[in-house]
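I opened this notebook to record what I looked up in one structure. The entries follow the order in which I consulted it.

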Amino acid sequence: MGKLVALTLLGAFLALIGERLVALREKTNAYREVEPVEPQNCHLIEGLDHTVYLYVVNHPHMESTVEIFKFEEQQHSLIHLKTIKHELLKSVNDIVVLGAEQFYATRDHYFTNFFLATLEIVLDLHWTYVLFYSPREVKVVAKGFNSANGITVSSDKKYIYVADVFDKNIHVMKKHDNWDLTPLKVIQLDTLVDNLTIDPDTGDIWAGCHPNAIKLVIYNTEDPPGSEVLRIQNALSEKPRISTEYANTGSVLQGSSVASVYKGKLLIGTVFHKALYCVL
């Protein structure tokens with residue numbers, strides 16, 4: 001008799017669970033299929049709802065590290081995740097990130113001692129380089145620069161652009177699947193090229209430049225360092241188009257080091273002065 005009651009109760013319980021599952025499927029429209037209604041001019045928006053990471057070049061105690069942060073959108077804060085150190089990461093000037101803990105970095109001086117670094121410039125040594133870093137592999141991928149400075153990647157991720165500040169040029173290099181770089185050409189300029197960015201809409205290179213390095217190093221309030229921003233179009237062609245998009249003697253902006261363009265807006269940053277916002 002007791003077993004019969006237990007089986008009856010078990011059956012009732014299972015029936016109740018079954019009925020609740022059916023009701024849940026109805027509640028969640030588990031059986032519904034939507035009829036497609038798709039306007040012609042619809043485009044997926046890339047890059048939303050992904051985690052945002054910030055990579056920062058740091059120089060603690062005259063050394064070089066790369067700090068990785070995670071951006072918390074709701075709190076508008078950064079969470080420090082990791083500090084990257086390596087014996088080849090010396091005198092790091094700039095990096096371009098191409099994947100999770102995968103980046104190219106420029107070394108702007110071979111020597112870390114101030115006196116030797118200055119002598120290196122005077123002697124016109126070409127001992128600086130570009131290296132590739134990943135958790136599995138760290139290697140030098142391009143060398144022979146006077147002072148490898150700003151670095152960026154083309155819109156299609158196939159080419160790397162490196163500014164050699166004291167040689168006043170931009171090196172164009174092809175990126176291979178194994179992360180090696182092959183030199184293709186050098187775009188010679190008439191100004192000291194600092195940092196490089198890419199216009200995401202056109203692929204043009206924008207360069208923050210220093211018209212006069214002496215004025216930058218030996219600051220004079222009566223004769224301050226000027227600013228200059230160049231735009232390089234069709235960098236891969238035989239004759240890239242180079243245009244001056246901003247230039248100032250220092251009365252408005254001093255020591256321009258980077259220029260970034262987005263949707264017809266230009267932002268110019270400096271080494272130690274102000275920032276300038278322009279509508280193109």
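What percentage of the 280 residues in the protein is buried? I worked from a predicted model, and I found that buried residues make up 37% of the 280.

Entry on the overall fold. I noted three helices and 18 strands in the protein. Of the contacts with a separation of 6 or more, I recorded that 40% join residues 24 or more positions apart. The exposed area came to about 17,800 Å², with carbon and sulfur atoms supplying 56% of it.

Entry on the annotated site. I consulted UniProt, where an unreviewed entry lists Asn 93, Asp 94, Asn 149, Asp 194 and Asn 195 under "binding site". These residues span 103 residues in sequence, but no two of their C-alpha atoms are more than 9.8 Å apart, so I regard them as gathered at one spot. I then checked the largest pocket and found Asn 93, Asn 149, Asp 194 and Asn 195 in its lining.

Entry on Asn 93. I located Asn 93 in strand β4, which covers residues 92-99. Its relative accessible area is 24%, so I entered Asn 93 as partly exposed. Leaving aside residues up to four places away in sequence, I listed its contacts as Val 57, Thr 106, Asp 108, Ala 148, Asn 149, Gly 150 and Asn 195.

Entry on Asp 94. I placed Asp 94 in strand β4. I entered Asp 94 as buried because its relative accessibility is 16%, and the cut-off for buried is under 20%. With residues up to four places away in sequence not counted, Asp 94 touches, among others, Tyr 104, Ala 105, Asn 149, Ile 151 and Asn 195.

Methods:
Residues numbered from 1 in each chain as written. Predicted model: local features only at pLDDT ≥ 70, side-chain atom pairs only at ≥ 80, totals over all residues. Heavy atoms only, no water. UniProt positions renumbered as here; feature names shortened; annotations may be inferred. 1 Å grid on protein atoms, 1.4 Å probe; cavity = no way out; pocket = protein on both sides within 12 Å on 5 of 7 lines; lining within 4 Å. Helix = DSSP H or I, 4+ residues; strand = E, 2+ residues; numbered from the N terminus. Buried < 20%, exposed > 50% of the residue type's maximum accessible area, 1.4 Å probe, protein only. Contact = heavy atoms within 4.5 Å. Areas by Shrake-Rupley, 256 points an atom, 1.4 Å probe, with all protein chains shown as cover.
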